[in-house]
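Visitor: Could you take me on a close look at one loop residue in this protein, and then show me how that spot fits into the rest of the chain? I would like one connected tour, please.

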Amino acid sequence: MAPPPKSSTRAGGGRAAPKKAGKEKKVEDGREQPLQAVCLLPLANTPLIEYTLEFLAMSGVTQIYVYCGAHTEEIERYIRASKWHQSSSKSTASPFEFVEIVKTTARSVGDALRDLDARDLITGDFLLVHGDLVSNLPIDAALAAHRARRIADKNAIMTMILRSAGSGSHRTKSQGVTPVFVIDPTKNRCLHYEEMHPLQSNKYVNIDPDLLSVHSEMEIRTDLIDCGIDICTPDVLALWAESFDYEVPRRHFLHGVLKDYELNGKMIHTEIVTDHYAARAFNLQSYEAISKDVLGRWTYPLVPDSNLLAGQSYKSERGGLCKENGVILARTCRAGKRTVLGKDTSIGDGSMVTDSIIGRRCQIGKNVTIRNSYIWDNVVIGDGSAVDRGIIASEAVVGKECKVQPGVLISFGVRIADGKEIKEGIRITRGNQKLDDGASACIPTDPAIVGEGGEGYEFQDPEEFEDEESSAFHSNLIYSTAHLNISNESISTISSVITASSPTASRSRLSSFTGSISDDEHTGSTNENFHHEAVAGLLDTLKESGDIDSAKLEFMGLRLSNDATDHQIRRAIAVAFTKRISQLVETEKMEASKAAAQAFGLHGAEKFLKEVAIGTAKKEEDQVDFISCLQKDLVHRGSGGIILAAISQRLYQMEVLEEEAFLKWWGASEALGDEEPQDMKSVREKTLVFIDWLKEAEAESSDEDEGEESD
């Protein structure tokens, strides 16, 4: 935390409110995890807390109080040895008057703030942030607006800084648990707050009817990234002190204060920003998302080649590679495309590293493949192994010819034996397990998990899914609800008028929590907002060769929030795939058939097309509609005819589209005759060979059937 900004007009001119540093999970979750303190975890080879302290320094904060939910001694040692502490030999010009580690038994944010109130250290406005914050956001405007409201009304006690992410897919949006902010846009005042997740039996927001009568306009927002930056007055601490059952800032404090407005009269406002960067690495999924944003330089100047730590020597090179001095690259290895390599790391012949971060003194063997992964310091990966979308902590060893599947977490010092395949989503540790009585027990190595000669066992938390909290969704690197057995029928819908532009009149509109409640009537729309957001999200996944299963969750959420029809869904999917295949053909000079095979060959793509684009019922009219969407988009692209032919053959081979659908589509187009637009006709001409082949195959099948009947 950082103490209150002084009365200076400079942004954050005083203190930073208590900065909370905890375990691998959220601070309020006290269970053991296979990693260490969140704020000391390396993100792009720099401890998370460095990004937070850089943000506070840029904001003009001068006094900082740090509260630790766990690992207090470890965090204190780090800060005392850093450039930020006045007693450190590295601190030649620290921007802070002091950085104080508060010794306390607090185990939650609520405990910390009540302790801070009891110490009577805060006398003015202060900034409250978490120790896992990564942000380049200037707070001057938000601070000025907060002070103006405070002068006008002493009951304006807090301003939350929220980042708009749009209604589409966004890496740093909270997955699983969706924060719902009800805001009066005319006053930027937050009126109501709830959290929603798939485990809820009722998926709707309970809004006090009195709010609807008092406020002429309200926005219900699910598109906001809550980065945990709050500008507070001392009244905030007083409210925490009065409510001993409050433990977390949003679900307890914010919800409770807004609900009790009639009793306390306290108001909480929002400052919604649309530019700059702000996000919290509060779980493994957000850790991965922010790491990708750092690689994409969205966090600039908080990027590796800014060399935030003393002794770092990162330099950006052509091709997206950023590496330190002393890196040894074999002549035939490939490293680049959004990749960071730490000092004294070596990569052997024939190995390939892309979209990954590798720490210092790592030894990567020959013919190793590493994609979308995060390797910390002193890790050894043997010859011929493959790591895909995983996290491997310091001092771990992965043997030769191993395969680490997506979503795997390998903790400190774990050793994987040669030739072992680690299944998707497994978390492996060597640490002691915490027992119910508080003692720790040493768990023996499980050869079934790490192989003969390996060291480690699968980490499992028996309390992980006991409640309806976020741990059920955030415990793994890859977000999934497969283990929750959630059916589509459990999602509540609200019927309303179908717009005239909806191609499928039978589909009722779904309720949306993203939009404005006002006196305006619903108007017809082609839902272009959904189309652009959906295409952009899918296209990013295709470009990054990402996991379509993860993109599917974001896509379906976007569908619900925009009331998209089945036709609009098919159109968006068709455009995303045709655009990516066209890029491969035109920019990378790839053959159309190979480009189609690459795009449709991504993990989860076939299932996504069959279940979402076409539907499990595989209705012929839906298949024809999807083919038409492909055709219409390829009219505007170079080599559109060749690409349509290649896509048609590929989707037929994958059994996504059936013979009858292609023949019906072709027959309907031919029946138009001169009424068919010339560009539509031209783009399907290359597909004639495939259609003729289908007709011949159908004729041969028919002849065989007739022959069998005559016998």
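Guide: Let's begin with Asp344, which is partly exposed, its relative accessible area being 42%. That label fits because a residue counts as buried under 20% and as exposed over 50%, and the 42% of Asp344 falls in between. Keep in mind as we go that this is a predicted model. Asp344 sits in the loop that runs between β19 (339–341) and β20 (346–347). Its backbone deserves a glance too: phi of Asp344 is near 65°, a positive value in a residue other than glycine.

Now compare another loop. Arg297 also has a phi near 65°, again positive in a residue other than glycine. Arg297 belongs to the loop between α9 and β15, and with a relative accessible area of 34% it is partly exposed. That loop holds another backbone feature: Pro301 is found there, between α9 (284–295) and β15 (315–316). The peptide bond joining Tyr300 and Pro301 is cis, with omega at about 10°.

From these loops, let's step back to the whole protein. It has 21 helices and 38 strands. Of its 711 residues, 54% count as buried. The accessible surface comes to about 31,300 Å², and carbon and sulfur atoms hold 47% of it. If you look at contacts with a separation of 6 or more, 59% of them are between residues 24 or more positions apart.

Next, the interior. In soluble globular proteins, nonpolar side chains tend to be buried together. Here the largest nonpolar core has 57 residues, and Phe555, Ile573, Leu609, Phe626 and Leu651 are those with the most contacts inside it. Helix α14, residues 566–586, gives the most to this core, contributing 10 residues. To follow one of these side chains around, pick Phe555: leaving out residues up to four places away in sequence, Phe555 touches Phe530, Ala534, Leu538, Ile569, Ala572, Ile573, Phe608 and Val612. Apart from that core lies another, of 31 residues, with Leu113, Ile157, Leu162 and Ile268 among them.

So much for the interior; to end where we began, return to the loop between β19 and β20, where Asp344 is partly exposed and carries its positive phi.

Technical notes:
Residues numbered from 1 in each chain as written. Predicted model: local features only at pLDDT ≥ 70, side-chain atom pairs only at ≥ 80, totals over all residues. Heavy atoms only, no water. Helix = DSSP H or I, 4+ residues; strand = E, 2+ residues; numbered from the N terminus. Buried < 20%, exposed > 50% of the residue type's maximum accessible area, 1.4 Å probe, protein only. Contact = heavy atoms within 4.5 Å. Areas by Shrake-Rupley, 256 points an atom, 1.4 Å probe, with all protein chains shown as cover. Core = buried A, V, L, I, M, F, W, Y, C linked by side-chain atoms within 4.5 Å.
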